[in-house]
Amino acid sequence: MSDPAPLRLTRPAARRIALAAQGFARRRPEHPGTRDLQRVLDAVAVVQIDSVNVVVRSQYLPFYSRLGPYDRALLDRARDVAPRRVVEYWAHEASLVAPSTWPLLDFRMRRARSDAWGGMRRVARDHPELVAAVLAEVTAGGPLTSREVEAALAHDLPRERDDWGWNWSLVKSALEHLFWAGEVSSAGRTSQFERRYAVPARVLPPAVRDRAVDPAVRPGDDEAFRRLVELSARAHGLGSEQCLRDYFRLKPEQARPAIAALVADGTLLPATVEGWHRPVYLHRDARRPRRVDARALLSPFDSLVWQRERVRALFGFDFRLEIYVPEPERVHGYYVLPFLLGDELVARVDLKSDRAAGVLRVQRCTWEDGRGNERDRAELDAELALMAGWLGLAGVVD
């Protein structure tokens, strides 16, 4: 018996599926609480962290985009206070994930010596005694920031060490190596955005911790890849192989067998999308709304816009980060937030929280072709005013 023909989807239908999967088809709650934040995390699975604070730390924005004004302290507590609802690890990039996702990334932890950044690999190779000393300090005294680990080592270790001396950049590299390797975790962040390092036993809920550290119950790689791809497919609604593997930064050889297994068991349904010249896969539980009436300013690190080809195929929107582009070469600005209205991305807004002046500055706004009419501008003005109030700023200045 031949395989069934792939489902055929129009681009607007596919776009609405994608928006619904990412949590944009729901009405924003009147008073968002912890359950609402959990609903967002359940939908997107991964929230990227970034230190840039031009508007607000990026991890706060995906929740705002989907919920509207909420108390950012709720997210801090979910990350910092047991029982934690989110933990940090390298998922897409540095990310917040559910504690239950942490053990699925064990394959990445085991490859810290080969896959981590150069400074982390070098400290593990060249200074194993320092790495062991750092781990011992965190185990005994954590949660500790990098500076607190340095102070503890200065107190506990003799000063005549001449192989690494007091080069504290090595301490930070050792901590980050241990974090990548899963031997330490993050118990939260300080107000200065410093990680507070702790051993996983002090961070993960007991049931998750046991599953993470006990080889008898820890998921094998094949199971982990299937579950990560399935999480990615739920978060996408539908996506190409490239979409499904990019979400958790999987390699083709990790993702392809997982996709094939999920197609075979009916979790993923082969499909095609008008104008998208790649095979795509629809999650069998994906919602297919007839209409999406969203209004949101998106972090440039929002999972809806991670994969450029996908954004172009579904929204006709060519988006790239220009933070690292020299200023004279920028087209749309430094910290550009796409503006979602209805089921389309209609503008790019370069924003800055001017905390000294107490205002949200619109440094540049670029409308897509055919957009920017009176209604569009009124909707953007309303969203900007709402965001300014959420950020504790007095108003919006063009």
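In the predicted model, Arg189 stands opposite Arg195 of strand β6. The two strands concerned are β5, residues 185–189, and β6, residues 195–198. They run antiparallel and are joined by three bridges. Five residues lie between the strands of this hairpin. One residue of the hairpin, Phe193, takes a positive phi near 75 degrees.

Positive phi values also occur elsewhere. Ala45 has a phi of about 70 degrees, although it is not a glycine. Ala45 follows helix α2 and is placed in the loop between α2 and β2. Its relative accessibility is 8%, so Ala45 counts as buried. Arg249 is likewise not a glycine, and its phi is positive at about 55 degrees. The loop that holds Arg249 runs between α13 (241–246) and α14 (252–264). Arg249 is partly exposed, with a relative accessible area of 33%.

Helix α2 itself spans residues 34–44. Its buried residues are Asp36, Leu37, Gln38, Val40, Leu41 and Val44. The cover over these residues includes two strands, β2 (46–48) and β4 (94–97). It also includes the helices α3, α4 (72–80) and α12 (221–236).

Helix α12 contains His236. This histidine is buried, with a relative accessible area of 5%. Residues up to four places away in sequence are not counted among its contacts. On that basis, His236 touches Ile17, Ala18 and Ala21, as well as Cys243, Leu244, Tyr247 and Arg310.

Two cis peptide bonds are described here. One runs from Ala82 to Pro83, with omega near -5 degrees. Pro83 is placed in the loop between α4 and β3 (87–90). The other joins Gly142 and Pro143, and its omega is about 5 degrees. Pro143 lies in the loop between α8 (128–141) and α9 (146–156).

The largest pocket has a volume of about 470 Å³. It is lined by 25 residues. Closest to the pocket centre are Phe24, Val292, Asp293, Ala294 and Arg295. Four elements give two or more residues to the lining: α3 (61–67), β10 (294–297), β11 (336–342) and α16 (374–390). Helix α16 supplies the largest share, three residues. By residue class, the lining comprises 16 charged, six nonpolar and three polar residues.

Salt bridges number 34 in the structure. One of them pairs the side chains of Arg295 and Glu383, with an N to O distance of 2.8 Å. Arg295 lies in strand β10 and Glu383 in helix α16, so this pair ties together parts that are 88 residues apart in sequence. The two partners differ in exposure. Arg295 is partly exposed, at 24% relative accessibility. Glu383 is buried, with a relative accessible area of 0%. A wider network includes both residues. Through shared partners, salt bridges join Arg28, Arg295, Glu344, Arg371, Arg375, Asp376, Glu379 and Glu383.

Within this network, Asp376 forms a salt bridge with Arg375. The closest N and O atoms of that pair are 3.8 Å apart. At 1% relative accessibility, Asp376 counts as buried. The cut-off for this class is a relative accessible area under 20%.

A further salt bridge links the side chains of Arg79 and Asp80, at 2.5 Å from N to O. Arg79 is buried, with a relative accessible area of 8%.

Technical notes. Residues are numbered from 1 along each chain as its sequence is written. This is a predicted model: local features need pLDDT of at least 70, side-chain atom pairs count only at pLDDT 80 or more; totals for chains, interfaces and linings use all residues. Side-chain values use heavy atoms; hydrogens and water are left out. On a 1 Å grid over the protein atoms alone, a cavity is a set of points where a 1.4 Å probe fits but cannot get out, and a pocket is an open set with protein on both sides within 12 Å along at least five of seven lines; lining residues have an atom within 4 Å of a point. Grid points are joined across faces, edges and corners, and a volume is the space filled by probe spheres set on the points. Ala, Val, Leu, Ile, Met, Phe, Trp, Tyr, Cys and Pro count as nonpolar, Asp, Glu, Lys and Arg as charged, and the others, Gly among them, as polar. A salt bridge is a side-chain nitrogen of Lys or Arg within 4 Å of a carboxyl oxygen of Asp or Glu. Buried means under 20% relative accessible area, exposed over 50%, partly exposed in between (1.4 Å probe, protein chains only). Two strands pair if DSSP finds at least two bridges between them. Contact means heavy atoms within 4.5 Å.
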